[in-house]
Each structure stands twice: as structure tokens, then as C-alpha cells.
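I opened my notebook to look up how the helices and strands are arranged here. Come along with me.

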Amino acid sequence: MELQQKLEILADAAKYDASCASSGGERRDSRKGGIGSSGGSGICHAYTPDGRCISLLKILLTNHCVFDCHYCINRRSSNVQRARFTPDEVVRLTLDFYKRNFIEGLFLSSGIIQSPDYTMEQVVEVARVLRPGGTAFVIDNDATRSTFGGWFRQAMPSHDPVAVERFWARQGWSRDRIDMRWAFGSRADFEAVLRIEFSQTLVDGILADHQGTGVDYAVSLWWRTFA
Ligand code: SF4
């Protein structure tokens, strides 16, 4: 498959992760009135600590995935066209766009190929080549703590937190444990989001046991500085 075609598939597949300022924004054209323009996929924006808005190339390494999370367009059973970049292709694309002044950085995510360990090795290889001297961060569920962590373990019994920890330690990453919380304005909103995250049977059980409109949620912030 041509690199251009991979880029179209994997930029489109990445737009559903709405964690940056302009993810999935409706396309606007400043030449036809209005201010500024954005694409529905491919480029997203983020803010630096000093307040600058920077453009990021936003893609997936691959939209193949061995898991079948029912809320996700890239799940195993989804009937979408699949593609996969090599780490070298991601590095080349990023540097090409950077040199032409289209972007200032890369927002890279991925479906899971073979295993979470193998997938992270591929992502880490991109980070290693792109950012000597930089620090990479990964936020991951901490299934060993918090009420949400318990639900996560029920939803994904094959998840092995000890193996995850071993993997990161082997690669020289450090961890900060972070406690956060999901909080919603109503029980109906809380239930709606739970039904996106988990199977209907699991959510029925959770709602029968768990009162209120929120839940405590533990995550791990993994980080490593590359020499
Ligand atoms: S593991 Fe990630 S990419 Fe794969 S189906 Fe679940 S949410 Fe989607």
C-alpha cells in the first residue's frame, strides 16, 4: 500500500481520539469567510506551557487491533479498511511535514498489534528516533487501584498489571501514580458513559452496586527521557 493511502486511512482513524483542542473539528476555510481553518483529521492542535498553540500531525501507527472494545471504530470486528505504518515511515512523514513548517510535533496513538508490549516497542522506537534529548509520556489505566480499576479488571480479565509494569521497567521508564475522578452532573450522564466503556451486563452490575454520579479513577503516568 502507498504511503499516501496509509496516511489517509490512519489520519482518519485517529480523529476519534478527542483529547486535543481541535480533534474532529468541522472543516472551515478562512478564504470563504470566518476566521481560521481546520481539517477534520490529520492535524490537531495543543497548547504549550507558555501558551503557544502548536499544530501536531495526528495519526495512528496502525488501526489493526487484537481487541474488540465495542465503543471503538478500530475494534477487531469493525468493518473498516486497515493499514499499518512502520516506525521508520512515521519518522519520515513527521520530519517531512516539520521541515515544510506544517507541524511542530506528532500525536501518535495505535491499535494493539500482536500484544501491548510489542505495540509499545514500536511506538517507543518512533519516540527514540524523533526526540533525542526529549521526554516521552504515556498515560495508562492503573488496574491495580481505584474503583474504576476494579471494573477495568472485570472487563479485561486477560490484562496483567505485573507484566505491564515489568515491560515499562525493562525499557527504563519511570512511573508516577495519579489519582483522579470521573464526575458527572447527573446519574443519567454517568450511566451513558459507562455504557460506552463497558459491556451492558457489566454496567448493569456496576449500577446496582455503585451509587452517585462519579467514580475514583487511578492512572499511571509513565515517562522516560531519551539521551
Ligand atoms: S484496544 Fe484501543 S484500538 Fe483496540 S479496540 Fe480497544 S480502544 Fe480500540
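**Helix against helix**

I saw that α2 passes α3 in a right-handed crossing (the near helix is turned clockwise from the far one by less than a right angle; anticlockwise would be left-handed). This is a predicted model, where local features need pLDDT of at least 70, side-chain atom pairs count only at pLDDT 80 or more, and totals for chains, interfaces and linings use all residues. Residues are numbered from 1 along each chain as its sequence is written.

I looked up the contact, which Pro87, Val90, Val91 and Thr94 of α2 make with Gln122, Glu125, Val126, Val129 and Leu130 of α3 (C-beta atoms, placed from the backbone, within 7 Å). These residues divide into six nonpolar, two polar and one charged (Ala, Val, Leu, Ile, Met, Phe, Trp, Tyr, Cys and Pro count as nonpolar, Asp, Glu, Lys and Arg as charged, the others, Gly among them, as polar).

**The sheet**

Next I noted an open sheet of three strands, in the order β1-β2-β3 with mixed pairing (strands pair if DSSP finds at least two bridges between them; strands are DSSP runs of E, at least two residues, and helices of H or I, at least four, numbered from the N terminus). β1 (43–47) and β3 (105–109) stand at the edges with a single partner strand each, so one side of each has no neighbour in the sheet.

I checked one pairing: β2 (residues 53–60) and β3 run in the parallel sense over five bridges. Ile59 has Leu108 in β3 as its bridge partner.

Technical notes:
Contact = placed C-beta atoms within 7 Å.
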